Amino acid sequence: MINFDLDYFKKVAQDIFTCDSPTGYTQNVIELVKKYVDSFGYESRIMNNGALEVTIKGEDETKTVATSAHCDTLGLMVRSIKGDGHLALTKLGGPITPTLDGEYCKVYTRDGKTYTGTILSTSAATHVYPDANTKSRDIDNLEVRLDELVHTKDDVAKLGIQNGDIVCYDPKFEVTPSGFLKTRFIDDKASAVVLLMLLKYTSENKLKFKYNTKIYFVVYEEVGHGASMVDKNISEFVTLDMGCVGLDLAGNEEAVSICAKDSGGPYDYELTTRLINMAKDNNLNYTVDIFPFYGSDIGAASRAGVDFKGALIGTGVSASHGMERTHIKGIENTLKIIYAYLVK
Ligand SMILES: [Zn+2]
């Protein structure tokens, strides 16, 4: 069984998590992922929509199986520039917007400049606004205060900032001594790191994959059409994405969640059962759950007309799309089950 190299995990995770990659602005993270894949000696190509496809020959070439992690994250975009020089916002994906109040952010312009700022409520000052505590923190009541001497719309335009510019907020990446990965965007960068760890291990140990294998580092998952571009010849597809934690769900941060059903309906019965049995046989800490408000890349590939068996696994993530957290043990269990599925 593959061993979990904590030091390597920390190094790669730091690299991947601190590379801003909201959905629609993923070229930098995909280039970074490709550098890792190239260094392991695997063949890959960047697809037209910006995703990375890794192609590996299997011991048995009679079928092709696939796995994926999505590298796009939640984020924001400039909706408009206000008269006072603040920036109105629109969401990229579905962040829990009250958690954004007070976050430091960066604005990326289309001519390659970067500016810093803070996301704030439009009633930000307690000494001025009677509703500073109670005002809704929905996206229309949040704005960016730029760290620049700007007082008018014109001042901001002169910086080169325009509508449609990308706004990224600080992931606050941290691995605690107690083993928690505490950062935004564990959904789904934790899975991307898992797949890089897998490829490093198989490369260094010259291990064969069971079947022809496609590994996708997907973009646009957060807006629903991520894995629509997967190879039409795949017969199985196990996507890696976050497991849900909360309410009556069994999922937790130390275990790998195996999803039986989400908003898109049930996952493939046989493949899901096979993964549960693999988890059992390898003494992994796993849970089986339904995810109440959830869609995955399996749905995107199905809607694109690909004929395959689909399954979904991933580490349990607390406070998803907000201030997320998981534990190294959950990530390790995820690495081990995908290793058992693809390699041995
Ligand atoms: Zn996700």
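In what order do the six strands close into a barrel? In this predicted model, the order around the barrel is 4-5-8-7-6-9, and the strands pair in an antiparallel manner.

## The barrel

Averaged over the sheet and with direction ignored, neighbouring strands are turned by 40° against each other. Strands of a sheet pair through backbone hydrogen bonds, which may be arranged in a parallel or an antiparallel way.

One of the pairings in the barrel brings together strand 7, covering residues 114-121, and strand 8, covering residues 142-146, and these antiparallel strands are joined by five bridges. Within this part of the structure, Gly117 has Leu146 of strand 8 as its bridge partner.

## The loop after strand 8

Between strand 8 and helix 3, which spans 153-158, there is a loop that contains Leu149. Leu149 counts as exposed because 7 other C-beta atoms lie within 10 Å, where the cut-off for an exposed residue is 12 or fewer. Although Leu149 and Gly85 are separated by 64 residues in sequence, their C-alpha atoms are 9.2 Å apart in space.

## Two domains and their contact

The protein is divided into domain 1, made up of 6-73 and 184-342, and domain 2, which runs over 75-169. The C-alpha centres of domain 1 and domain 2 are 32 Å apart. To the contact between them, domain 1 contributes 11 residues and domain 2 contributes 11 residues. On the side of domain 1 that touches domain 2, the residues comprise four that are nonpolar, five that are polar and two that are charged.

Note on methods: Residues numbered from 1 in each chain as written. Predicted model: local features only at pLDDT ≥ 70, side-chain atom pairs only at ≥ 80, totals over all residues. Pairing = 2+ DSSP bridges. Helix = DSSP H or I, 4+ residues; strand = E, 2+ residues; numbered from the N terminus. Axes fitted to C-alpha atoms, helices over the stretch in contact; angles between N-to-C directions. Buried ≥ 20, exposed ≤ 12 C-beta atoms within 10 Å, placed from the backbone. Domains from an automatic or database assignment. Contact = placed C-beta atoms within 7 Å. Nonpolar A, V, L, I, M, F, W, Y, C, P; charged D, E, K, R; others polar.
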